[in-house]
Amino acid sequence: MKMFKFAVVLFFAILATSTCKWDRCLEGGTHKHRPSPEPDIHECTLYFESSCCYANFTEQLAHSPVIQVSNSYWNRCGILSKSCEDYMKKIECFYRCSPHAAHWINPNNTAGIEFVPLCQNFCDDWYAACKNDSTCIRNWMTDWEWDENGVNHCKNECTPYNKVYANGTDMCQSMWGNSLKVSESYCLCLQMNEKDAVAIKYLTSKSSEESSSVGSSEERACRRKLQKAELLTEEEGVEIEVFEIL
């Protein structure tokens, strides 16, 4: 139990250290200027220690089914399945609340992100969760018809996700334009869960930017830390999966 408590402390210490290095948020309408704690956050609790969104924003995501987030309706082709909605929430939470999102800020749109590296298994699982749901667009950034009040509407008929996207890679790299990409790395990528604390440590380092290939030293170091964290999780029998990073 002592090891567990020590591990939890290390986990949040890693997040705090990484946040200090990138002490800024995106410049969207719902973003803070700088990340800060949000202990009363309703959803997106992964980021409650250091958040770029305010707790009241997450009220929109706290109840299922999610109908509307800001001016964007999620139910234009019917209510999303719970499994699909959960993945949509993960992406929304990262964009709105993560203190690390600004590391991938879009240079042409400081309210946006560009080429955030997602793990292949995350994209495959997201696709599996949504494949039987329906959508009327392929690119959520450009394909909606927006009315004079800034509310989104379909321009095309609703079609199952598995007819719009070929697979998880296609979906991840198309749904939000160039905001996301599928990483070739097993470790230097995000899964939108506690494991990201391992990857973030390396992804936000200068050496990772210079060398992020599957065979790089950063990749090997990241894998060792992730394996150590997973082993510790198995030994302690707890759900949190990233601890001893240093």
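Mentor: Let's start with a word we'll lean on: a residue is buried when its relative accessible area is under 20%, exposed when that is over 50%, and partly exposed in between. Keep in mind that this is a predicted model.

Trainee: Fine. Which residues of α6 are buried?

Mentor: D196, A197, V198, A199, I200, Y202 and L203. That is 7 of the 8 residues in α6, a helix that is mostly covered. For the protein as a whole, 48% of its 246 residues count as buried.

Trainee: What makes S98 buried or exposed?

Mentor: S98 has a relative accessibility of 2%, and the cut-off is under 20%, so S98 counts as buried. You'll find S98 in the loop between α2 and β5 (105–106). Setting aside residues up to four places away in sequence, S98 touches Y47, C52 and C93.

Trainee: And why is E157 called exposed?

Mentor: Put its 71% relative accessible area against the cut-off of over 50%, and E157 is therefore exposed. E157 sits in the loop between β10 (152–153) and β11 (159–160). Beyond its neighbours within four places in sequence, E157 has contacts with T135 and C136.

Trainee: What separates E157 from C77, along the chain and in space?

Mentor: Along the chain they are 80 residues apart, but their C-alpha atoms are separated by 8.6 Å. On the scale of the whole protein, 61% of the contacts with a separation of 6 or more come from residues 24 or more positions apart.

Trainee: What is unusual about the backbone at S70 and M192?

Mentor: Look at phi. For S70 phi is near 55°, and for M192 phi is near 60°. Both values are positive, and neither residue is a glycine. Most residues other than glycine have a negative phi. S70 lies in the loop between β3 and β4 (72–73), whereas M192 is in the loop between β12 and α6.

Trainee: Which burial class does each one get, and why?

Mentor: S70, at 30% relative accessibility, falls between the two cut-offs, so S70 counts as partly exposed. M192 has a relative accessible area of 5%, which is under 20%, so M192 is buried.

Trainee: What kind of peptide bond joins S64 and P65?

Mentor: A cis one, with omega at about 5°. Most peptide bonds are trans. P65 lies in the loop between β2 (51–53) and β3 (68–69).

Trainee: How do you know that the length of α2 fits a helix?

Mentor: Compare two numbers. At 1.5 Å a residue, the 16 residues of α2 should span 22 Å, and its end C-alpha atoms are 21 Å apart, so the two agree. The buried residues of α2 include C84, Y87, M88, I91, F94 and C97.

Trainee: What does α2 give to the largest nonpolar core?

Mentor: 7 residues, the largest share from any element. That core has 57 residues, and F94, L118, F122, W126, W140, M175 and L190 touch the most other members. M175 is a good one to click on: outside its neighbours within four places in sequence, M175 has contacts with M88, W126, R138, N139, W140, M141, Y161 and Y165.

Trainee: How do you find the empty space in the model?

Mentor: Rolling a probe the size of a water molecule over the atoms shows where empty space is left. The largest pocket holds about 710 Å³ of it. Of the 29 residues lining that pocket, Y95, R96, W140, M141 and W176 are the closest to its centre.

Trainee: Which element gives the most to that lining?

Mentor: α2, with 5 residues. By class, the pocket lining has 13 nonpolar, 14 polar and 2 charged residues.

Trainee: What makes a space a cavity rather than a pocket?

Mentor: In a cavity the 1.4 Å probe fits but cannot get out, whereas a pocket is open. There are 3 cavities of 30 Å³ or more here. The second largest takes up about 70 Å³, and its lining residues include Y73, W74, R76, C77, W140 and Y161. By class, that cavity's lining has 8 nonpolar, 3 polar and 1 charged residues.

Conventions
Residues are numbered from 1 along each chain as its sequence is written. This is a predicted model: local features need pLDDT of at least 70, side-chain atom pairs count only at pLDDT 80 or more; totals for chains, interfaces and linings use all residues. Side-chain values use heavy atoms; hydrogens and water are left out. A nonpolar core is a set of buried Ala, Val, Leu, Ile, Met, Phe, Trp, Tyr and Cys residues joined through side-chain atoms within 4.5 Å. Buried means under 20% relative accessible area, exposed over 50%, partly exposed in between (1.4 Å probe, protein chains only). Helices (H or I, at least four residues) and strands (E, at least two) are DSSP runs, numbered from the N terminus. Contact means heavy atoms within 4.5 Å. On a 1 Å grid over the protein atoms alone, a cavity is a set of points where a 1.4 Å probe fits but cannot get out, and a pocket is an open set with protein on both sides within 12 Å along at least five of seven lines; lining residues have an atom within 4 Å of a point. Grid points are joined across faces, edges and corners, and a volume is the space filled by probe spheres set on the points. Ala, Val, Leu, Ile, Met, Phe, Trp, Tyr, Cys and Pro count as nonpolar, Asp, Glu, Lys and Arg as charged, and the others, Gly among them, as polar. The expected span of a helix is 1.5 Å times one less than its number of residues.
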